[in-house]
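This briefing covers how the chains relate to each other and what surrounds one DNA strand. Please look at the sequence and the structure first.

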Protein chains: 2
Amino acid sequence: MSAATTLKRSRQRDAILAFLKTRKDHPTADTVYMSVREEFPNISLGTVYRNLTLLTDLGMIQKLSMGAGVPDRFDATIVPHYHFVCTECGNVMDLDMNTMEEVNRIAGAGFDGYIAGHVTYFYGQCNHCLNAKNNC
Amino acid sequence: MSAATTLKRSRQRDAILAFLKTRKDHPTADTVYMSVREEFPNISLGTVYRNLTLLTDLGMIQKLSMGAGVPDRFDATIVPHYHFVCTECGNVMDLDMNTMEEVNRIAGAGFDGYIAGHVTYFYGQCNHCLNAKNNC
DNA sequence: ATAATTTCAGTAATCATTACTGTTTTGTTT
DNA sequence: AAACAAAACAGTAATGATTACTGAAATTAT
């Protein structure tokens with residue numbers, strides 16, 4: 001059905017991907033927009049969203065959905081890894097740990113469907129927020 | 001600071017909680033709205049949201065945030081348990097497995113903040129959708 | 001260069017959720 | 001039991017993130 005639509009390069013998409021690769025803090029679409037705007041003052045937020053979605057579909061970046069209200073975040077690191085969300089400042093950071101493949105088996109043991117994978121977010125207080133508290 | 005605001009009962013809130021307790025499929029706010037409407041035709045969606053949020057804050061129900069775009073779901077079962085999301089039909093169901101307390105330790109090992117807990121969703125195809133596929 | 005098609009900028013629309021406002025309930029106090 | 005103060009309501013408007021639409025500009029193959 002779907003005619004294989006040929007992908008054309010665009011300066012805007014290149015800039016969006018390039019920016020994401022410089023960041024380790026999983027920026028939101030709006031943050032990407034603000035930054036890429038410096039190079040392309042006329043870029044529109046819709047273009048940022050469209051390209052972030054496209055890059056995600058292409059498997060070149062990954063989208064992190066953090067729950068209702070909170071905006072999505074984007075990560076140029078596509079190798080599987082877990083994330084930590086600070087409940088104080090809302091920042092999202094990478095965790096240095098192996099993927100827990102075995103939990104899929106554990107979950108599947110008492111379940112009559114197929115478990116393809118899992119998404120886990122750890123939460124708590126980041127180092128920075130812990131230190132800020134001690135300074136009272 | 002905050003003057004302890006006294007909670008007053010309301011028929012609407014009672015109905016919302018009663019409905020949630022009859023369901024095992026974690027309905028959305030809109031589903032709750034549709035149902036409670038049968039008893040209270042004039043109830044407004046805002047009332048449903050306000051009470052779902054209030055009940056969540058009171059710890060009487062729990063809110064499941066499933067990521068951007070997708071509406072929140074609500075669960076009258078407050079004992080900790082994991083959830084499965086079917087990528088075909090979008091239904092959310094309970095998993096019969098123990099909570100994995102130890103993964104917080106594992107995650108905290110190489111991290112310099114405080115890990116309070118984790119949220120995990122398993123995904124894949126539910127039994128119903130698997131069977132539907134085989135019937136082609 | 002030209003044509004075919006994608007991508008763009010700008011803007012409007014959508015969807016879930018929250019906030020506001022004047023009225024109704026509720027629980028308490030006489 | 002009537003009166004009062006506070007909470008909750010219905011109805012509606014506003015918000016915030018994201019997607020869809022439209023005519024113009026950029027990209028790639030011919």
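Contact means heavy atoms within 4.5 Å. The model is predicted: local features need pLDDT of at least 70, side-chain atom pairs count only at pLDDT 80 or more, and totals for chains, interfaces and linings use all residues. Residues are numbered from 1 along each chain as its sequence is written, chains are lettered from A and ligands numbered from 1 in the order in which they are written, and side-chain values use heavy atoms, leaving out hydrogens and water.

**The two chains**

- Of the interface residues of chain A, 100% are also interface residues in chain B, so the copies meet through the same surface.
- A turn of 180° and a shift of 0.0 Å along the axis lay chain A on chain B with an RMSD of 0.1 Å (least squares on the C-alpha atoms of residues with pLDDT of at least 70 in both).
- That is the relation of a two-fold axis.

**Surface near DNA strand C**

- There are 21 residues around DNA strand C (near: a heavy atom within 4 Å), and A:K8, A:S10, A:T47, A:R50 and B:Y49 come nearest.
- Sugar and phosphate make up 81% of the atoms of DNA strand C that come within 4 Å of the protein.
- The surface has five nonpolar, nine polar and seven charged residues.
- α3(A) gives the most to this surface, with three residues.

**Atom pairs with DNA strand C**

- An N or O atom in the side chain of A:K8 is 2.5 Å from a base oxygen of DNA strand C.
- For the side chain of A:T47, an N or O atom is 2.6 Å from a phosphate oxygen of the strand.
- In B:Y49, a side-chain N or O atom is 2.3 Å from a phosphate oxygen of DNA strand C.

Methods:
A polar contact is a pair of N or O atoms within 3.5 Å; within protein, one must be able to donate a hydrogen and the other to accept it, and residues adjacent in sequence count only if both atoms are side-chain atoms. Helices (H or I, at least four residues) and strands (E, at least two) are DSSP runs, numbered from the N terminus. Ala, Val, Leu, Ile, Met, Phe, Trp, Tyr, Cys and Pro count as nonpolar, Asp, Glu, Lys and Arg as charged, and the others, Gly among them, as polar.
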